[in-house]
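Let's take a walk through a protein model together. Have the sequence and the 3D view open, and follow along as we go.

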Amino acid sequence: MGAFQDPPVHSIPPLHHWSDIAYLQWLAASVSPPLMTVAPAPIRYILRLGIHHPPTYSVLNKIAAKQSSKTYDVWPGVTFDIASEAGKAILGTPNGAGVVWMLIQRKKELGKRRIEQVTMFYVENDGDMCRWPSLLFWIV
């Protein structure tokens, strides 16, 4: 993205975590140059779409197995309060922890934000042979 700036940016900040990249993508989508001094709107949702990460997938499969349908539901899926057992388990996955880390890491820029609930679902696709889960984190 830096190469397309006017003037081009060649000095890239150290990016070590998913949260670093996700924050920069959100910032780029929220604020148009040259108005970089304008505060972006508060972040309200974080979507992790089509999760293929085995440790996260394993936890989500165990949660889905406890639901009445025994599988992932099409949107709107199943929503869990973040204080519930399932909500805490999802936060403990690498995909959930990345969201938490971004809110902690960017508290100065984002303000005091927290995850209120998380929705687990899959996106229906006619050509989809596997139901990969997705997560929507609700931020307040």
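Start at Y45, whose bridge partner in strand β4 is W138. Keep in mind as you look that this is a predicted model. That pair belongs to a bigger set: 4 bridges join strand β1 (residues 45-48) to β4, and the two strands run antiparallel.

Now hop across to the other side of the story, strand β3. This strand covers residues 115-121, and 6 bridges link it to β4, again running antiparallel. One spot to find is I115, which has I139 as its bridge partner in β4.

There is one more strand to add. β2 is joined to β3 by 4 bridges, and these two run antiparallel as well. To see where they meet, look for V78, which stands opposite M120 in β3.

Put the pieces together and you get an open sheet of 4 strands, in the order β1-β4-β3-β2, with antiparallel pairing. The edges are taken by β1 and β2 (78-81); each has a single partner strand, so one side of each is left without a neighbour in the sheet. If you tilt the view, you can look for the turn between strands: neighbours in this sheet are turned by 20° against each other on average, ignoring direction. While you're there, here's a handy rule: in a regular strand, side chains alternate between the two faces of the sheet.

So is strand β4 mostly buried or exposed? Of the 6 residues in β4 (residues 134-139), 5 are buried, so this strand is largely enclosed by the rest of the structure.

Before leaving the sheet area, back up a little to the loop between α2 (54-65) and β2, where you'll find P76. The peptide bond leading from W75 to P76 is cis, with omega near 20°.

Last stop: D20, which sits in helix α1 (residues 18-30). What is D20 doing about a charged partner, given that it is buried? D20 has no salt bridge, and the nearest side chain of opposite charge, R106, is 4.3 Å away. A salt bridge needs the charged atoms to be within 4 Å, so R106 misses out at 4.3 Å. D20 does have a polar contact, though: its side chain makes one with the side chain of Q105, at 2.6 Å. Leaving aside residues up to four places away in sequence, D20 touches P14, L15, Q105 and R106.

Conventions: Residues are numbered from 1 along each chain as its sequence is written. This is a predicted model: local features need pLDDT of at least 70, side-chain atom pairs count only at pLDDT 80 or more; totals for chains, interfaces and linings use all residues. Side-chain values use heavy atoms; hydrogens and water are left out. Buried means under 20% relative accessible area, exposed over 50%, partly exposed in between (1.4 Å probe, protein chains only). Two strands pair if DSSP finds at least two bridges between them. Lys and Arg count as positive and Asp and Glu as negative; His and the chain ends are not counted. A polar contact is a pair of N or O atoms within 3.5 Å; within protein, one must be able to donate a hydrogen and the other to accept it, and residues adjacent in sequence count only if both atoms are side-chain atoms. Contact means heavy atoms within 4.5 Å. Axes are lines fitted to C-alpha atoms, for helices over the stretch in contact, and angles run from 0 to 180 degrees between N-to-C directions.
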